[in-house]
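Subject: Structure handover

Dear colleague,

I am passing on to you the structure that is shown just below, and after it I set out what was found in it. Please read the notes with the structure open beside them.

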Amino acid sequence: MNRLALLAAGATVLTALTAAPAFADTTPETTTETVTSCGPSGLQAGLSTRVCAEVTGTTVEFYGTVGLAGPPSPGSPAPEPKQLFTTLSVEVVGNGAPLVRQWPVVFTSSTVEVRGEAASASCGSTVRASFGVASFPWAARPVVHEVTLDC
């Protein structure tokens with residue numbers, strides 16, 4: 001009977017194990033989502049401008065936008081294309097010189113997005129960007145946005 005009891009107990013355990021749900025690796029999955037934030041808008045070269053940041057973990061990518069300052073008047077002609085000179089400057093505050101990129105852009109009537117390069121910084125760092133738009137005879141009056149990396 002000893003063998004028979006041992007076989008029955010083994011069969012019961014085996015049945016319980018096969019009926020139990022299978023669990024995968026229980027390490028938490030580390031998904032990093034992208035958080036977008038924007039600074040206040042400003043007027044440059046007669047247009048509305050803004051600088052925004054996309055933060056994913058410890059990486060930040062800034063971009064500037066240029067759009068109409070308001071809706072066009074009903075029945076008014078479309079605005080003339082305008083040659084713009086844009087400057088996007090990105091720096092990790094207190095950690096070296098800023099990275100500056102300049103692009104010529106032609107603005108018609110739809111919003112234009114000017115992207116910079118992604119920058120990596122350590123947790124707790126503050127990253128600042130400024131976005132300037134100039135068009136003769138207007139000089140740039142950059143808009144600024146800062147983000148602090150919370151990890």
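Before the residues around the enclosed space are named, one term has to be clear: a cavity is a set of grid points where a 1.4 Å probe fits but cannot get out, and a residue counts as lining when it has an atom within 4 Å of such a point. Please also keep in mind that this is a predicted model.

By that rule the count comes to 1 cavity of 30 Å³ or more, and the space in the largest cavity is about 40 Å³. Its lining consists of Leu-88, Val-90, Leu-99, Arg-101, Trp-103, Gly-116 and Glu-117. Two or more of the lining residues come from each of strand 5 (82–92), strand 6 (99–107) and strand 7 (112–120), and among the elements it is strand 6 that gives the most, with 3 residues.

The overall layout

The protein has 1 helix and 9 strands, and when they are read from the N terminus the order is α-β-β-β-β-β-β-β-β-β. Of its 151 residues, 28% count as buried, while the exposed surface comes to about 10,000 Å², of which carbon and sulfur atoms supply 59%. Among the contacts with a separation of 6 or more, 57% are between residues 24 or more positions apart.

The open pocket

The largest pocket holds about 170 Å³ of space. Its lining is made up of Glu-33, Val-35, Ser-37, Val-55, Thr-56, Gly-57, Val-147, Thr-148, Leu-149, Asp-150 and Cys-151, and at least two residues of this lining come from each of strand 1, strand 3 and strand 9.

The disulfide

A search of the whole structure finds 1 disulfide, which is formed by Cys-38 and Cys-52, with their sulfur atoms 2.0 Å apart. The link of Cys-38 and Cys-52 is right-handed, with 105° about the S-S bond. Because Cys-38 belongs to strand 1 (residues 34–38) and Cys-52 to strand 3 (residues 47–56), the pair ties together parts that are 14 residues apart in sequence. The two partners differ in their cover: Cys-38 has a relative accessible area of 36% and is partly exposed, whereas Cys-52, at 2%, is buried.

His-145 and its surroundings

Is His-145 buried or exposed? Its relative accessibility is 11%, and since buried means under 20%, His-145 counts as buried. This residue lies in strand 9 (residues 143–148), and its side chain makes a polar contact of 2.9 Å with the side chain of Ser-37, a residue that also appears in the lining of the largest pocket. The side chain of His-145 also reaches the backbone nitrogen of Gly-39, at 3.4 Å. Leaving aside neighbours within four places in sequence, the residues in contact with His-145 include both cysteines of the disulfide, Cys-38 and Cys-52, together with others such as Val-51, Ala-53, Phe-62 and Arg-128.

Gly-39 itself is found in the loop between strand 1 and strand 2, where it is buried, with a relative accessible area of 7%. Not counting residues up to four places away in sequence, Gly-39 touches Arg-50, Val-51, Val-144 and His-145. From Gly-39 to Ala-53 the separation is 14 residues in sequence and 8.6 Å in space, C-alpha to C-alpha.

Strand 8 and two backbone details

Ser-130 is found in strand 8 (residues 126–134), and beyond the residues up to four places away in sequence it touches Thr-87, Leu-88, Ser-89, Pro-142, Val-143 and Val-144. One of these, Leu-88, is also among the residues that line the largest cavity. Between Ser-130 and Val-100 there are 9.4 Å, C-alpha to C-alpha, with the two residues 30 residues apart in sequence.

In the loop between strand 8 and strand 9 lies Pro-137, and the peptide bond from Phe-136 to Pro-137 is cis, with omega near 5°. The other detail concerns Ala-45, which lies in the loop between strand 2 (42–44) and strand 3. Although Ala-45 is not a glycine, it has a positive phi of about 55°, and with a relative accessible area of 4% Ala-45 is buried.

With best regards

How values were computed. Residues are numbered from 1 along each chain as its sequence is written. This is a predicted model: local features need pLDDT of at least 70, side-chain atom pairs count only at pLDDT 80 or more; totals for chains, interfaces and linings use all residues. Side-chain values use heavy atoms; hydrogens and water are left out. Helices (H or I, at least four residues) and strands (E, at least two) are DSSP runs, numbered from the N terminus. Buried means under 20% relative accessible area, exposed over 50%, partly exposed in between (1.4 Å probe, protein chains only). A polar contact is a pair of N or O atoms within 3.5 Å; within protein, one must be able to donate a hydrogen and the other to accept it, and residues adjacent in sequence count only if both atoms are side-chain atoms. Contact means heavy atoms within 4.5 Å. A disulfide is a pair of cysteine sulfur atoms within 2.5 Å. Accessible areas come from the Shrake-Rupley method with a 1.4 Å probe; for residues, only the protein chains shown count as cover. On a 1 Å grid over the protein atoms alone, a cavity is a set of points where a 1.4 Å probe fits but cannot get out, and a pocket is an open set with protein on both sides within 12 Å along at least five of seven lines; lining residues have an atom within 4 Å of a point. Grid points are joined across faces, edges and corners, and a volume is the space filled by probe spheres set on the points.
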